[in-house]
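Please walk through the fold shown here, beginning with its strands and then turning to a helix and to some unusual backbone angles.

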Amino acid sequence: MIENVYIAPVAGPEIESGYIRIEGDRIAELGAGPAPGVPDGTARIDGTGCLATPGLVNTHHHLYQWASQGLAQDATLFEWLTALYQVWAAMDAEVVHGAATAGLGWLALSGCTTSSDHHYVFPKGRGDLLAAEIEAAREVGIRFHPARGSMDRGQSQGGLPPDVVVEELDDILTATAEAVDAYHDPSFSSMLRVAVAPCSPFSASAALMTESAALARAKGVRLHTHIAETMDEDEHCVKQFGLRPVDYMEQLGWLGPDVWFAHTVHLSDGDIGKLAATGTGSAHCPSSNGRLGAGIARVSEMLRRGANVGLGVDGSASSELTPLAGEMRQALLFQRARYGPDALTARQALELATLGGARNLGRAGELGSIEPGKLADLALWRVDGPFTAAVADPVCALVFGPPPPLARVLVGGRSVVEDGELRTVAQDEAGRAGVAARQRLLRLAEERGFTAAKEVHPET
Ligand SMILES: [Zn+2]
């Protein structure tokens, strides 16, 4: 029983001081005022001074990139990818486990209770990389939606990545089907669902895209890829396929309510209409788009026209230490800078981070709002600190400010964060696992001829 708390349920009216009753892994009831008749033996959480929101949902990430932060800092997307592919080619299961532990711990510490991950680099003979990140997610204890990514269009096929990091089409389809069979849990309380996710139009062939869509639909799982991130990609698609990215994806059968795209920055009015009409979702990643100078998505227009948008931190190599809660603020500020002060409200930004994300992952029935019957995935933000307490509206304090400290993060009613500290894994060890992953990855990459220093300080 959480008591004396300000509740922003996202669906339904806010409650200035109320209670949330949890039974098992679900929300049983919420209401205003003191909790009625609390039976003996009930675990009680005093939420005085706290704002309760649904746990945040991260809908685009590349956890392995935790091990390659700070490189190619001033590059365009294509330059950045070209510099980093050679580093990523050296990764192994130990690197992925350490990077995922740190990355998922960091997400939980910014109020995230569900995260997807788009892993698309599977160099040969480097261990079971997907199993490594799934193990890390189980240890950290947040819901996990790994998207089994892939690339089959290396430089010899007109693609961007070097051939050493791409796989053969048949191998990809077999490994992806095996991953769904081994790990995907479609149940209501599921802690893990697998998606199918060829990387992008410039690294995946048309055959891989269509075969992946057929596989996902046969298995009843979701589809994810990167689309319309930069103008370089737009030009690549027009030159190679004679179509702009959204039209190309439409031709491949990739628009639909079971699809969500990362980025969707460079959209025409017609593109937005197609996403809205087909129920295709988008993961908006404002910090990553800003860092790479990619441009910024037309989120407020997309929302107005009924297209679904969630948030994503994107990989740490392009967004560095971005906390998911901070992406609400980035989204709000970028939209207002582009369209004016009424482009996005604090409540809309919170909805992007919660219900919008749950829709992207096909879980709006279970996650994303505080409602009876939904899973008890909650974040309790401490808004009574000496500085945040001066803000009259706690939702404003959460979205406009840097994220306030977390009193609790609950996943299915279980404490993952308490008093700002991870409780499922040792916080210092999770951080050190990320450092060790970076050291190991750079050592493995340097053995293959990569020089990290040149990427950090290219002019020297
Ligand atoms: Zn990405």
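In this predicted model, Asp-117 has Pro-146 of β8 as its bridge partner, and this contact belongs to a pairing in which strand β8 (residues 143–150) runs parallel to β7 and is joined to it by 6 bridges. Between these two strands the chain passes through helix α3 (residues 129–140), and the resulting β-α-β crossover is right-handed. Strand β7 also pairs in the parallel sense with strand β6 (residues 56–58), here over 3 bridges, and within that pairing Asn-58 is matched with Ser-115 of β7. Because 8 of the 8 residues of β7 (residues 112–119) are buried, this strand is largely enclosed by the rest of the structure.

Further along the chain, helix α12 (residues 324–339) contains 16 residues and reaches 23 Å from its first C-alpha to its last, close to the 22 Å expected at 1.5 Å a residue. Its buried residues include Leu-324, Met-328, Leu-332 and Phe-334, and also the charged-name positions Glu-327 and Arg-329. Just after α12, Gly-340 adopts a positive phi of about 110 degrees.

Positive phi values also occur at residues that are not glycines. Thr-264, with a phi of about 40 degrees, lies in the loop between β11 (259–263) and α8 (269–278), and it counts as buried because 28 other C-beta atoms lie within 10 Å, where 20 or more suffice. Asp-314, whose phi is about 65 degrees, sits in the loop between β13 (309–311) and α11 (316–319), and Asp-314 is likewise buried, with 29 other C-beta atoms within 10 Å.

Conventions: Residues numbered from 1 in each chain as written. Predicted model: local features only at pLDDT ≥ 70, side-chain atom pairs only at ≥ 80, totals over all residues. Helix = DSSP H or I, 4+ residues; strand = E, 2+ residues; numbered from the N terminus. Buried ≥ 20, exposed ≤ 12 C-beta atoms within 10 Å, placed from the backbone. Expected span 1.5 Å × (residues − 1). Pairing = 2+ DSSP bridges. Right-handed = clockwise from strand over helix to strand, strands pointing away.
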